[in-house]
Amino acid sequence: LSKDIFDSLKAKKTGLGATLLDVIQSGVENLDSGVGIYAPDAEAYSLFSPLFDPIIEDYHKGFKQTDKHPAKDFGDVNQFVNVDPEGKFVISTTMTKRPSLSG
């Protein structure tokens, strides 16, 4: 956290009220922590991106903000087969959907 980045971010606040102090609090209190920053809410990643982006890129070995995950390709769902047609092994199946913070 350079002085320039600190000065550019110190007065910013997310819509939920998270500040730069909230982001860096863990590192301030735990000087021996590895990274020491946390995003208190989803908006913090973009609002405080001058701090988060270089850390994320370094941690993920080159993954940049401009990089995107490849498109999902589950293949032809009509080609899925019944893995237990006689009902001997599969007792039940659970599928879970979890919405993101933004919806």
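**Exercise 1. Describe the span of residues 1–61: how far apart are its end C-alpha atoms, and what are its helix and strand shares?**

Step 1: the end C-alpha atoms of residues 1–61 lie 19 Å apart.
Step 2: the span is 56% helix and 0% strand, where helices (H or I, at least four residues) and strands (E, at least two) are DSSP runs, numbered from the N terminus.
Step 3: UniProt, in an unreviewed entry, lists residues 1–61 as "domain: Phosphagen kinase N-terminal"; such annotations may be inferred rather than shown by experiment.

A word on the model: it is predicted, local features need pLDDT of at least 70, side-chain atom pairs count only at pLDDT 80 or more, and totals for chains, interfaces and linings use all residues. Residues are numbered from 1 along each chain as its sequence is written, and side-chain values use heavy atoms, with hydrogens and water left out.

**Exercise 2. Find what lines the largest pocket.**

Step 1: 13 residues line this pocket, and Asp53, Ile56, Phe63, Lys64 and Gln65 lie nearest its centre. (On a 1 Å grid over the protein atoms alone, a pocket is an open set of points where a 1.4 Å probe fits, with protein on both sides within 12 Å along at least five of seven lines; lining residues have an atom within 4 Å of a point.)
Step 2: helix 4 gives the most to this lining, 5 residues.
Step 3: helix 3 (42–47) and helix 4 (49–59) each supply at least two residues.

**Exercise 3. Which helix gives the largest share of the lining of the second largest pocket?**

Step 1: the lining includes Val35, Tyr45, Phe52 and His60.
Step 2: helix 4 provides the largest share, 4 residues.
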